[in-house]
Amino acid sequence: MKIAVIGAGPAGICAAYELSKAGVEVEVFDSANVVGGMCRSITLWEKTVDIGSHIFYPETPQVKALWLEAVGNDYRYIDVKRAILTDDGVYSYPLKFSKVILNRSVGETMLGAFSYLHGQLWRPRNEDSAEAWVIRRFG
């Protein structure tokens, strides 16, 4: 049996790696001539920039172990500071509830709290769309 894997990002590379460990002949295809998909950086105007907004951050130990086994030492960890820019300032991400409350008006805080509660009480039962995924987690 021979399997074609479309995409040389983390998912495609790990799928191909697992199939090859099982003795399956695998060929990986990607539109780019390098691996990494959206999890890579390029040089643009003499600066290193990330492709897209995606960061590969495995949350489960099994996924992290598979990734490290598949890529060996050919990776680089970077310290990323994430933030949300609003009209009244910058919020670190993940959000700190106390900072949000202190920087918003009472009306905005109440509106946000009611919106969150509404989303939690009447959230979708399944996650068959990106919208449902966001609503289920964030209201």
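1. I'd start with helix H1: its buried residues are Pro10, Gly12, Cys14 and Ala16. The cover over these buried positions includes strands E1 and E2, along with helix H2 (61–71). Bear in mind throughout that this is a predicted model.

2. H1 itself checks out on length. With 12 residues at 1.5 Å a residue, H1 should span 16 Å, and its end C-alpha atoms are indeed 16 Å apart, so the two agree. Just after the helix comes Gly23, which has a positive phi near 90 degrees.

3. Next, the surroundings of H1. E1 (residues 2–6) and E2 (residues 25–29) run parallel and are joined by five bridges. Two of the pairings are easy to find on screen: Ile3 has Val26 of E2 as its bridge partner, and Ala4 stands opposite Glu27 in E2. As a reminder, side chains in a regular strand alternate between the two faces of the sheet. Put together, E1, H1 (residues 10–21) and E2 form a β-α-β unit, and that unit is right-handed.

4. Which way do E5 and E6 run relative to each other, parallel or antiparallel? They are antiparallel, with four bridges joining E5 to E6 (residues 89–92). The link between E5 and E6 is a hairpin through two residues. At one of the pairings, Thr86 faces Gly89 in E6.

5. Arg82 is worth a look while you are in this region. Arg82 sits in the loop between H2 and strand E5 (83–86). Setting aside residues up to four places away in sequence, Arg82 touches Tyr91, Ser92 and Tyr93. Pro94 is 12 residues from Arg82 in sequence, yet their C-alpha atoms are 7.7 Å apart. Is Arg82 buried, partly exposed or exposed? Arg82 counts as partly exposed, because its relative accessibility is 47% and the partly exposed class runs between 20% and 50%.

6. Asn103 makes a good companion case. This residue belongs to helix H3 (residues 97–103). Outside its neighbours within four places in sequence, Asn103 is in contact with Asp88 and Tyr91. So Tyr91 is touched by Arg82 as well as being in contact with Asn103, given that contact means heavy atoms within 4.5 Å. Asn103 and Asp88 are 15 residues apart along the chain, with a C-alpha to C-alpha distance of 7.7 Å. Asn103 is partly exposed, at a relative accessible area of 36%.

7. Now for some backbone angles to check. Trp45 is not a glycine, but its phi is positive, about 55 degrees. Glu46 is not a glycine either and has a positive phi of about 65 degrees. Trp45 lies in the loop between strand E3 (41–44) and strand E4 (47–50), and Glu46 is found in the loop between E3 and E4 too. How exposed is Trp45? Its relative accessible area is 74%, so Trp45 is exposed. Glu46 is exposed as well, with 77%. I'd look at this loop by eye.

8. On the overall layout, the protein chain has five helices and six strands. Read from the N terminus, the order of elements is β-α-β-β-β-α-β-β-α-α-α.

9. What share of the protein chain is buried? Of its 139 residues, 12% count as buried. The chain exposes about 11300 Å², and carbon and sulfur atoms supply 59% of that area. As for contacts between residues at least 6 apart in sequence, 21% join residues at least 24 apart.

10. Last, confidence. The mean pLDDT of the protein chain is 80, and 86% of the residues reach 70 or more. Among the elements, E2 has the highest mean pLDDT, 95, while helix H5 (residues 130–138) has the lowest, 73. E2 is also the strand bridged to E1 in point 3, and part of the cover over the buried residues of H1.

Note on methods: Residues numbered from 1 in each chain as written. Heavy atoms only, no water. Pairing = 2+ DSSP bridges. Right-handed = clockwise from strand over helix to strand, strands pointing away. Buried < 20%, exposed > 50% of the residue type's maximum accessible area, 1.4 Å probe, protein only. Areas by Shrake-Rupley, 256 points an atom, 1.4 Å probe, with all protein chains shown as cover. pLDDT = per-residue confidence, 0-100. Expected span 1.5 Å × (residues − 1).
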